[in-house]
Amino acid sequence: MSIPNSSQSLRILVVGCGNMGASHAAAYHSLDGFEICGIVSTGKSKEVLNERLGGGYPLFSDYATALTETQPDAVCISTYPDTHEAFALMAFEQGCHVFIEKPVADTLEGAKRVVAAAGKAGKKLVVGYILRHHPSWEKFVEVARTMGKPLVMRMNLNQQSHGQMWTVHRNLMKSLSPIVDCGVHYIDVMCQMTRSKPVQVNAIGARLTNDIPADNYNYGQLQIRFEDGSVGWYEAGWGPMMSETAFFVKDVIGPNGCVSIVAKNAGATGQSDNVDAHTKTESLRVHYADLTANDQFVQPDTWIDMQDEPDHQELCNREQRYFLRAIRENLDLTDHMQDAVNSLQIAFACDESVRTGQPVLL
């Protein structure tokens, strides 16, 4: 299949209609340059999504059948992680470009196979690292890089999930832990901030419910040591038992001072499992370590209020505009794909550390 020019719409097959799949479908429905050629899910979610979009889209329960019958230019994969590898490989075999929600696969080797398949097919693979498209998070990374080295990076996102979100989390934990599923985002951010090679990880975890597989855990914390002396930690817990005390920490410290995301609304009680709140920054607080001769601070903390604060849907729109641009402009996605594999490798090393009780060298 050739790369559509600017006058042609990209025919895209939407696979998976949960939180992310529905948001990506809404982006394709509203943005110029895309044409949804089919919607796939095993349950009723495709009917619900189709109605929400105004109806009229072809619906499928079987992915292979949908691929054959619709002959898409591209596929959007937002299913549970244990299907990612197989679905992506099938798409590349049929000559499609692929947008895939993170993680690329549920194993490191699987992720490498997906990246290799993209290269062999000569097609684009864009991974859903949503924070890379958020101007406030881009600014957070930019300011963190001015704080000197080494950096101390402190981040978490604990979710007191209940109702439908607890159902989603239980399903996710059939194949992944919270620190793998969510942690890849923040590991990616840490790697961007340090631009240094991670050399060691250490992690702990606890299984706080019998509602998940016996070999998994629903609370985890990871620690990363980088070659330049920087260190970082990330904490993620899912479930109705989780505390909402200090669940939203995004804080980076260096010799020159620190920068923190201060999200008063997103970090408020009752917001921990609100997907739309997870990317909210609202403002950055920047502190400078410079002291006078009397050891008093030279300048007060400054606040950067973020005017361009896209909601979750707009972030998905921006991701899809990037996907379209990658195809139309034939962008080199080598670093993008390698970063996705690297962050997944680190996250799986953290999983190994939880299960063995030992540090893992990278």
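**Reading a predicted protein chain**

Student: What share of the contacts between residues at least 6 apart in sequence join residues at least 24 apart?

Tutor: In this predicted model, 70% of such contacts in the protein chain join residues at least 24 apart.

Student: Which secondary structure elements does the protein chain have, and how many?

Tutor: The protein chain has eleven helices and 15 strands. Its radius of gyration is 21 Å, close to the 21 Å that the globule rule gives for 362 residues, so the chain is as compact as a globular protein of that length.

Student: What does the C-alpha trace span along its principal axes?

Tutor: The span of the C-alpha trace is about 75 × 50 × 40 Å.

Student: How much of the protein chain is buried, and how much area does the chain expose?

Tutor: A residue counts as buried when its relative accessible area is under 20%. Of the 362 residues, 55% count as buried. The chain exposes about 15300 Å², and carbon and sulfur atoms supply 49% of that area.

Student: How many positive and negative side chains are there, and how far apart do the centres of the two sets lie?

Tutor: There are 30 positive and 42 negative side chains in the protein chain. The centres of the two sets lie 2 Å apart.

Student: Take one residue, H169. Where does H169 lie?

Tutor: H169 is part of helix 7, which covers residues 163-172.

Student: Is H169 buried or exposed?

Tutor: H169 counts as buried because its relative accessibility is 3%, and the cut-off for buried is under 20%.

Student: Which residues is H169 in contact with, leaving aside its neighbours within four places in sequence?

Tutor: H169 is in contact with Q159, S161 and W238 once those neighbours are left aside.

Methods: Residues are numbered from 1 along each chain as its sequence is written. This is a predicted model: local features need pLDDT of at least 70, side-chain atom pairs count only at pLDDT 80 or more; totals for chains, interfaces and linings use all residues. Side-chain values use heavy atoms; hydrogens and water are left out. Helices (H or I, at least four residues) and strands (E, at least two) are DSSP runs, numbered from the N terminus. The radius of gyration is taken over C-alpha atoms; the globule rule is 2.2 Å times the number of residues to the power 0.38. Buried means under 20% relative accessible area, exposed over 50%, partly exposed in between (1.4 Å probe, protein chains only). Contact means heavy atoms within 4.5 Å. Accessible areas come from the Shrake-Rupley method with a 1.4 Å probe; for residues, only the protein chains shown count as cover. Lys and Arg count as positive and Asp and Glu as negative; His and the chain ends are not counted. The place of a charge is taken as NZ of Lys, CZ of Arg, CG of Asp or CD of Glu.
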